[in-house]
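Trainee: I should be grateful for a close look at a single part of this structure, with each term explained.

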Amino acid sequence: MSKYKIALAGNPNVGKSTIFNILTKSNQHTGNWAGKTVENAYAKYMYNKNTYEVYDLPGTYSLVAHSKEEEIARDFICQNTVDVTVVICNAVALERSLNLVLQILDITSNVIVVVNLMDEAMKKDISIDLEKLSSILGVPVIGASATYKRGIKELKEVIENFVLNTSIKDKPYIWKHDDEVLFASNIVKKCHEISARVVKVGSKKYLKRERKIDKILTNKVTGIPIMLVMLFFIFWLTIVGSNYPSEWLSNLLFGFEEPLYAFLSFLPVGITNVLVYGLYKTTSWVVSVMLPPMLIFFPLFTIMEDIGLLPRIAFNMDRAFSKCDSCGKQALTMCMGIGCNAVGVTGCRIIDSKRERLLAILTNSFMPCNGRYPTMIAIITMFFIGGSRGILSSALCALILVLIILLGIVVTFITNKLLSKTILKGDKTPFILELSDYRKIRIGKVIVSSIMDRTLFVLGRAISVAAPAGILIYLITNITIGNTTLLMWCSNFLEPLGQLMGLDGVILLAFLLGFPANEIVMPILLMTYLGTDTLTNYESLSSLKGILIDNGWTITTAISFLIFTLFHFPCSTTILTIKKETNSWFYTFLAFFLPLIIGIILCVLVNLLSYLF
Amino acid sequence: MISLDKVSINKRCRILKLDIEGNMLRRLLDIGIIPGAIIKKVLVSPFGGISAYSIMGTTMAIRDKDVKGVFVEYE
């Protein structure tokens, strides 16, 4: 029984992560855009009693490094500590992939080449002579379609054969080329020659079709509206689809409450109360409000990502980013933020320049994440469309959500510009954005992966926060100092600021207590208003609206509340991620206070305006 | 000889020389923008400022100001 080390290298977006996932049965996030693997992933698999450690390197076009990730990939290969480097190629653009293959072959001969996306190539009438390629390169070449799990078994066999029969490890290699243009030119020429010998392209019909789609998506008149309409439909389907399931789930979970209480009645009354009315109630609230929208939103979002729309969005919006001295790839990280801000912040690694990366990190929370939509949808439905649930009113609700996102985008641009003129001065740095081919998606796979990767992750995090928070809230609503509960003390303290912003002390306190996860803002709010020591059931929106109005909510409160939901402070997970990514307390504090100050200013403005009318 | 940002859309061009230095040069070399290679502008962003080029079998978007030093001729 032996242990072998394997590195997976390849251009961005050639299916490296997919192959990694199948080989090691893990679930790294995959998607159709260049640069989504930003962290070095590592996992093992067993084959014929041997252990193989697989390192998934960040995608790179060449070993001439300029960004953090590319340096990681190059150093890893140059050190020659692995037994074999598997280079994944894109069958649809073999010539490009060969560039990296030849550069790696320059360093080590312990290479296996996998030509992935053979299915896509076939669809596009491209055929590749793998045997010939293998004899030209002098290393094993395997064809694969990782999405359909084809070629993986063969890869495992070839890897085994390779490591068992090759004992020589190459020496560490020092990367140095004096004339870079000459070095690159020679390799590019070779790639062209080789690909001319092994690749046969039939009709170019597919190319024309893709171009046509691109023309429509990036057209002056249609480009931006199409993207907004798509966003609108994603929200609409989410709202319509999760309407009733949320209610069913809530009834189901709250139905267990009394039996659970009876079951736990052997415990002291105080503890049973904390567990059932604190922990269980808050958790089941979060699950019933969060789970249905996520189950719809994440698969839809993943489909958009997998088809290859994200780079087109970045391409369309680039002018605006350029105008405010930031990187066009920020659009990609903002899209990721719409799912989860912590993911968006990590994604900012695709931006090479430190200054532009910081801009993207500091403003990522201006994109509302999944933890905030349910709250926003509830408030919009109650106050702006009369609480009815018809198709039209849910469409109106989705439209308002799109407008909120547009507000987030506009504020992102303004903030980018302001920061670029003050503490983050500097020039725009060049970047290259690959507009990856459109790919067919497998709905089944999308649903499974978006539920596994995203829904369970985000929900798990929300629950793990909601549970202790539930206990905490129960305690502070029940511990009294003098005649007032601890909760009222705190909210009274925040009341003046809340009033100034058109909100109240309770709302601000709810946001503060919701720092661990935005999902629990709403339950805290209702618990406090009701003054009862526990949370109400999630009955119907109209009854909720009644509670809010009884506590002095007006339309201004609702507007300010929506603004503050969009601009307050990132949740604790995101803040921790920002600290990790920036490695600076200054920027972490800035990331906390920047949105907060913007939110306070906007809310105060809305409040002042409301007095004028 | 014209600079890459000024070429017309959908016309095959041959790259003549790169008048660029440092990081951007390496980046362009990476994706196959080298003297002698064939390149074609295929898309222009709705608001301008960035265009997409077909090079080495893939589509790459680069801001216009970053390719001012890439000189080409129509084929």
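Mentor: Let us begin with helix 5 (residues 130–137) of chain A, which lies across strand 5 and strand 7 of chain A and runs at about 155° to strand 7 of chain A. Helices (H or I, at least four residues) and strands (E, at least two) are DSSP runs, numbered from the N terminus. Axes are lines fitted to C-alpha atoms, for helices over the stretch in contact, and angles run from 0 to 180 degrees between N-to-C directions. The model is predicted: local features need pLDDT of at least 70 and side-chain atom pairs count only at pLDDT 80 or more, while totals for chains, interfaces and linings use all residues. Residues are numbered from 1 along each chain as its sequence is written, and chains are lettered from A and ligands numbered from 1 in the order in which they are written.

Strand 5 and strand 7 belong to an open sheet of chain A, in which 6 strands follow the order 2-3-1-4-5-7 with mixed pairing. Two strands pair if DSSP finds at least two bridges between them. Strand 2 (41–47) and strand 7 (141–143) of chain A stand at the edges with a single partner strand each, so one side of each has no neighbour in the sheet. On average, neighbouring strands of this sheet are turned by 25° against each other, direction ignored.

At one edge, strand 2 of chain A is joined by 7 bridges to strand 3 (residues 50–56) of chain A, and the two run antiparallel. Within this pair, Ala41(A) stands opposite Asp56(A) of strand 3. Helix 1 (residues 16–24) of chain A also packs on the sheet, where it touches strand 1 (3–10), strand 2, strand 3, strand 4 (84–90) and strand 5 (111–116) of chain A. Its direction makes about 160° with that of strand 3 of chain A.

Strand pairing also links the two chains. Strand 9 of chain A and strand 5 (residues 58–63) of chain B run antiparallel and are joined by 3 bridges; there, Glu434(A) has Met60(B) as its bridge partner. Overall, 31 residues of chain A are in contact with 30 residues of chain B, a contact requiring that the C-beta atoms, placed from the backbone, lie within 7 Å. Among the elements of chain A that each supply at least two residues of this side are helix 9 (223–255) and strand 9 (432–434).

Notes. Contact = placed C-beta atoms within 7 Å.
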